[in-house]
Amino acid sequence: MARKKYSEVENEVMKKVAANIKQLLVEKKWNQKMLGEKSGLSSSTISDYVKGKTLISPGNLQKIAEAFEVSKSEIYPMENEENSVEVTEFDSISIEDLHNYQLTYKGVNLTEEQAKQVVNLLRTALDMSSSDS
């Protein structure tokens, strides 16, 4: 199966996540196998994140952060204002991929539940507008 083609923003996020995980592995003196065991994730999943091949999911971000005993912002750049990746090409992000981003409103991070509600509202609005045509 072919890998998904990622946008420039997603590729930048994957690079930063990879660098942050590598740094934490060095700091903890762990290898990828140890991180997999502590996080409950497969070795291939950890390897993909470390190589910057796969965009990390919110659930796996949480598992890795808990394994390292760090905040998610130490791994995922969108969580950290200093390292945030600004998304300016909104039309290049599919609604299905929004869960990969930390959504904010008026400078405040939305919870995972609030983000799901936003995505559902967008889907509903788009479904309604397409049925009106």
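This passage looks at helix α4 of a predicted model and at the parts that pack around it.

Helix α4 runs over residues 58-68, and a good place to begin is with the residues it hides. Asn-60, Leu-61, Ile-64, Ala-65, Ala-67 and Phe-68 are the buried residues of this helix. Viewed down the axis of α4, these buried residues fall within an arc of 160 degrees, so they line one face of the helix. The cover over them includes α1, α2 and α3. Just past the end of α4, Glu-69 adopts a positive phi of about 60 degrees.

Asn-60 deserves a closer look. Its relative accessibility is 15%, and residues under 20% are classed as buried, so Asn-60 counts as buried. What does the side chain of Asn-60 make a polar contact with? The partner is the side chain of Tyr-49, at 2.8 Å. Once neighbours within four places in sequence are left aside, Asn-60 is in contact with Leu-41, Thr-45 and Tyr-49.

Phe-68, in helix α4 as well, takes part in the one aromatic pair that the structure holds. A pair of aromatic rings is described by the distance of the centres and the angle of the planes. For Trp-30 and Phe-68, the ring centres are 5.1 Å apart and the planes meet at 15 degrees; planes under 30 degrees apart count as stacked, so this pair is stacked. Trp-30 sits in the loop between α1 (8-28) and α2 (32-39), while Phe-68 belongs to α4, so the pair ties together parts that are 38 residues apart in sequence. Both Trp-30 and Phe-68 are buried.

The view can now widen to the nonpolar cores. In soluble globular proteins, nonpolar side chains tend to be buried together. Here, the largest nonpolar core has 23 residues, and those with the most contacts inside it are Ile-21, Leu-35, Ile-64, Phe-68 and Ile-75. Helices α1, α3 (43-50) and α4 each supply at least two residues of this core. Which helix gives the largest share? That share, six residues, comes from α1.

Ile-75 shows how such a core residue is surrounded. Leaving aside neighbours within four places in sequence, Ile-75 is in contact with Lys-16, Val-17, Asn-20, Ile-21, Leu-24, Leu-61, Ile-64, Ala-65, Phe-68 and Val-70. A second, separate core has eight residues, among them Ile-95, Leu-98, Ala-115 and Val-119.

Key. Residues are numbered from 1 along each chain as its sequence is written. This is a predicted model: local features need pLDDT of at least 70, side-chain atom pairs count only at pLDDT 80 or more; totals for chains, interfaces and linings use all residues. Side-chain values use heavy atoms; hydrogens and water are left out. Helices (H or I, at least four residues) and strands (E, at least two) are DSSP runs, numbered from the N terminus. Buried means under 20% relative accessible area, exposed over 50%, partly exposed in between (1.4 Å probe, protein chains only). A polar contact is a pair of N or O atoms within 3.5 Å; within protein, one must be able to donate a hydrogen and the other to accept it, and residues adjacent in sequence count only if both atoms are side-chain atoms. Contact means heavy atoms within 4.5 Å. Rings of Phe, Tyr and Trp (its six-membered ring) pair if their centres lie within 6.5 Å; planes under 30 degrees apart count as stacked, over 60 as edge-to-face and the rest as tilted. A nonpolar core is a set of buried Ala, Val, Leu, Ile, Met, Phe, Trp, Tyr and Cys residues joined through side-chain atoms within 4.5 Å. The arc is that of the directions from the helix axis to the C-beta atoms.
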